Amino acid sequence: MIYLQLIWEFFKTGLFSVGGGLATLPFLKAISLKYPWFTPNDLLDMIAVSESTPGPIGINTATYAGFHAAGLGGSVIATCSLVFPSVVIIILISRALTRFRDSALVRDAFYGLRPASAGLIFGAMLEVFAASLFHTELWKGVGSLLALLNFPAIAFFLALSLCIWKFPRLHPILFIFAGAIGGILFQF
Amino acid sequence: MNPYLDLFLTFARIGVCTFGGGYAMLPLLQREIVENRGWTTEDELMDYYAIGQCTPGVIAVNTSTFVGYKTHGVPGAVCATAGMVAPSLIIIVIIAACIQQFAHLAVVQHAFSGIRIAVCALVLQSVLKMARKGVVDLPTTLILLITFAAVAFFEVSPVVMVLLAGAAGIAIGFFRRRRT
């Protein structure tokens, strides 16, 4: 049964995630809310591993998510289901390659899809971001608003953001490694 | 060598050597597919890569399916894609199993508390880059804000928002052309 659910969910992810790289994230977030396979916070660990290992990020996160859900079988099924719609669509498009490329319809659709994929990813990750930078578990407490802020974590986040912005050519692995060192030293 | 095995191994090699997703892959594809193999011309590859970004799914997979299909039809497409995916599958399963094994150690938990913050910063930076590329006028600004709010605060399914955004783009394009 879990295999059927995996096939359906990752087929949908493959069919509707547009924009490459992190475009699968909003769908994985939706899966994490619907099934007990992994939590929204696990997504951050999956991204970290996916960015620091070889292979396309979308494939890596799907494999990882499938593994969390149902072990080795789950990861194979999740990955194949993610890839299946792409392969079919590309084979269909190959027959009318130039017509597809020059189509005004495709261009118009992407005029709407490009900003949407940025909004989707940020919207899906907002809760997870908040959980890493704020003491959200204190939300219901009486403490002052200031107590919510995890100051060391926010400072570390700002410092890393500045470095990523200043040195866009440095590889993400370096920042993930810096994150690991910082985490061991400061225990956020 | 068997042409299907050749496709599988070539794309497996590209998959292993690509760290950090689709955009890092282009120079490798150029060297392996265009220069070493001559399977496509430079122009064809650039076309595949551009269209791979305008079709659903993972860009690297879309590009490998194109090249495989062009050289050896449907079986070629399947072999090339399988080659692109296989190294990820093996490496991630091993790492995921290892992390599960060591997740209870305090030092691993501390490391991940910092890694998660780094990932937040990296994801935010990519989202900003995507937003700068996608937001070009008022309608695209609205589309970004609406999709953000729908997913962040109302838990609307991303499938619905993707369909709506595509439809909105087509509708806006249609009205603009009629006006001019």
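In the predicted model, Ser75(A) lies in helix α4 of chain A, which covers residues 57-94. This residue is buried, because its relative accessible area is 0%, below the 20% under which a residue counts as buried. When neighbours within four places in sequence are set aside, Ser75(A) contacts Thr63(A), Gly66(A) and Phe67(A), together with Leu89(B) and Val93(B) of chain B. The surroundings of Ser75(A) thus include residues from both chains. By contrast, Phe157(A), which is 82 residues away from Ser75(A) in sequence, is separated from Ser75(A) by 31 Å in space, C-alpha to C-alpha.

The chain that holds Ser75(A) was then examined as a whole. Chain A contains 8 helices and 0 strands, so that the order of its elements from the N terminus reads α-α-α-α-α-α-α-α. The C-alpha trace of chain A extends over about 60 × 45 × 35 Å along its principal axes. Chain A comprises 188 residues, of which 53% count as buried. Among contacts in chain A with a separation of 6 or more, 52% join residues that are 24 or more positions apart. The area exposed by chain A amounts to about 8,600 Å², and 72% of this area is supplied by carbon and sulfur atoms.

Contact between the two chains involves 93 residues from chain A and 87 residues from chain B. About 7,800 Å² is buried between chain B and chain A, with carbon and sulfur atoms giving 79% of that area. On the side of chain B, Ile92(B), Ile117(B) and Leu122(B) supply 8% of the area buried against chain A, more than any other three residues.

Polar and charged interactions also occur between the chains. The count of residue pairs in polar contact between chain B and chain A is 12, with both residues at pLDDT 80 or more. The side of chain B that touches chain A draws two or more residues from each of the following helices of chain B: α1 (3-17), α3 (42-53), α4 (59-102), α5 (106-134), α6 (138-153) and α7 (158-179). Classified by residue type, this side of chain B has 58 nonpolar, 23 polar and 6 charged residues. The number of salt bridges between chain B and chain A is 2. A salt bridge is formed by Arg177(B) with Asp108(A), and the closest N and O atoms of this pair are 2.9 Å apart.

Key:
Residues are numbered from 1 along each chain as its sequence is written. Chains are lettered from A and ligands numbered from 1 in the order in which they are written. This is a predicted model: local features need pLDDT of at least 70, side-chain atom pairs count only at pLDDT 80 or more; totals for chains, interfaces and linings use all residues. Side-chain values use heavy atoms; hydrogens and water are left out. Contact means heavy atoms within 4.5 Å. Buried area is the accessible area (1.4 Å probe) that two parts lose on being put together, summed over both. A salt bridge is a side-chain nitrogen of Lys or Arg within 4 Å of a carboxyl oxygen of Asp or Glu. A polar contact is a pair of N or O atoms within 3.5 Å; within protein, one must be able to donate a hydrogen and the other to accept it, and residues adjacent in sequence count only if both atoms are side-chain atoms. Helices (H or I, at least four residues) and strands (E, at least two) are DSSP runs, numbered from the N terminus. Ala, Val, Leu, Ile, Met, Phe, Trp, Tyr, Cys and Pro count as nonpolar, Asp, Glu, Lys and Arg as charged, and the others, Gly among them, as polar. Buried means under 20% relative accessible area, exposed over 50%, partly exposed in between (1.4 Å probe, protein chains only). Accessible areas come from the Shrake-Rupley method with a 1.4 Å probe; for residues, only the protein chains shown count as cover.
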